[in-house]
Amino acid sequence: MKIMIPLDEDKKNVCVSFGRAPFFMVHDTDTEQTEYVENPGAEAQGGAGIKAAQCVVDHGCEVLITVRCGENAAEVFKAAGIKIYKSTHQMADVEIEAYLENKLEELTHFHAGFHGLQ
């Protein structure tokens, strides 16, 4: 299974913004391989959440762990069957372990979006 987490510039800490996170970590629990990818939505004029969500889908992820998420991105995840879990805003490796130990709650509240604000 592939898990994606939005990261800050340091590529270790979970970014509070999903759509504007500079990087994503993709962790494959089957192979224990981790890769870091640039977020195509990070510098977008608008639609950052949609662009970022498409990146999650394109990488074949089944799970997203994030602090918060906009409604438009959440709709993309719903359509793709991707589960969203609420980050406790720690380091990414801690979040992976928490997810694997069933310690994270599903994210059920989605904001309306920031519409171009950074």
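1. Two strands count as paired if DSSP finds at least two bridges between them. That definition is needed for a note on this structure, which is a predicted model. One such bridge links His27 to its partner Thr34 in strand E3. In total, E2 and E3 are joined by 6 bridges, and the two strands run antiparallel. Strands in a sheet pair through backbone hydrogen bonds, and the pairing can be parallel or antiparallel.

2. The sheet as a whole comes next. It is open and has 5 strands, in the order E3-E2-E1-E4-E5, with mixed pairing. Which strands stand at the edges? They are E3 and E5 (83-86); each has a single partner strand, so one side of each is left without a neighbour in the sheet. On average, neighbouring strands are turned by 25° against each other, direction ignored.

3. H3 packs on this sheet and touches E1 (2-7), E2, E4 (63-66) and E5. The direction of H3 makes about 145° with that of E1.

4. Strand E4 deserves a point of its own. With E1, E4 is joined by 2 bridges, and the two run parallel. Ile3 is the residue that stands opposite Val63 of E4. E4 also pairs with E5, again in the parallel sense, over 4 bridges. Here Ile65 has Tyr85 of E5 as its bridge partner.

5. How do the side chains of E4 point? Val63 and Ile65 point one way, while Leu64 and Thr66 point the other way. This can be read against a general rule: in a regular strand, side chains alternate between the two faces of the sheet. Are these four residues of E4 buried or exposed? All of them are buried.

6. The second largest pocket has a volume of about 160 Å³. The elements that give two or more residues to its lining are E2 (23-28), E3 (33-38) and H3 (92-100). H3 supplies the largest share, 5 residues. How many residues line the second largest pocket? There are 13, and those nearest its centre are Met25, Thr34, Ala92, Asp93 and Ile96. By type, the lining divides into 6 nonpolar, 2 polar and 5 charged residues. Thr34, already named as the bridge partner of His27, is thus worth finding in the structure for both points.

7. Two loop residues are worth checking for burial. Ser87 lies in the loop between E5 and H3. Its relative accessibility is 5%, and since buried means under 20%, Ser87 counts as buried. Leaving out residues up to four places away in sequence, Ser87 touches Val14, Ile65, Thr66, Val67 and Glu95. Two of these contacts, Ile65 and Thr66, are among the buried residues of E4.

8. The other is Asn39, in the loop between E3 and helix H1 (48-58). Asn39 counts as buried because its relative accessibility is 6%. With residues up to four places away in sequence again left out, Asn39 touches Phe18, Gly19, Arg20, Ala21, Pro22, Phe23, Phe24 and Ala52. Between the C-alpha atoms of Asn39 and Glu62, which are 23 residues apart along the chain, the separation is 17 Å.

9. Backbone angles should be looked at as well. Most residues other than glycine have a negative phi. Lys11 has a phi near 60°, a positive value in a residue other than glycine. Where does Lys11 lie? Lys11 is in the loop between E1 and E2. With a relative accessible area of 34%, Lys11 is partly exposed.

10. Asn102 also has a positive phi, near 60°, and is not glycine. This residue lies in the segment after H3. Is Asn102 buried or exposed? Exposed means over 50% relative accessible area, and at 69% Asn102 therefore counts as exposed. Asn102 and Gly47 are 55 residues apart in sequence and 32 Å apart in space, C-alpha to C-alpha.

Terms used: Residues are numbered from 1 along each chain as its sequence is written. This is a predicted model: local features need pLDDT of at least 70, side-chain atom pairs count only at pLDDT 80 or more; totals for chains, interfaces and linings use all residues. Side-chain values use heavy atoms; hydrogens and water are left out. On a 1 Å grid over the protein atoms alone, a cavity is a set of points where a 1.4 Å probe fits but cannot get out, and a pocket is an open set with protein on both sides within 12 Å along at least five of seven lines; lining residues have an atom within 4 Å of a point. Grid points are joined across faces, edges and corners, and a volume is the space filled by probe spheres set on the points. Ala, Val, Leu, Ile, Met, Phe, Trp, Tyr, Cys and Pro count as nonpolar, Asp, Glu, Lys and Arg as charged, and the others, Gly among them, as polar. Axes are lines fitted to C-alpha atoms, for helices over the stretch in contact, and angles run from 0 to 180 degrees between N-to-C directions. Contact means heavy atoms within 4.5 Å. Buried means under 20% relative accessible area, exposed over 50%, partly exposed in between (1.4 Å probe, protein chains only).
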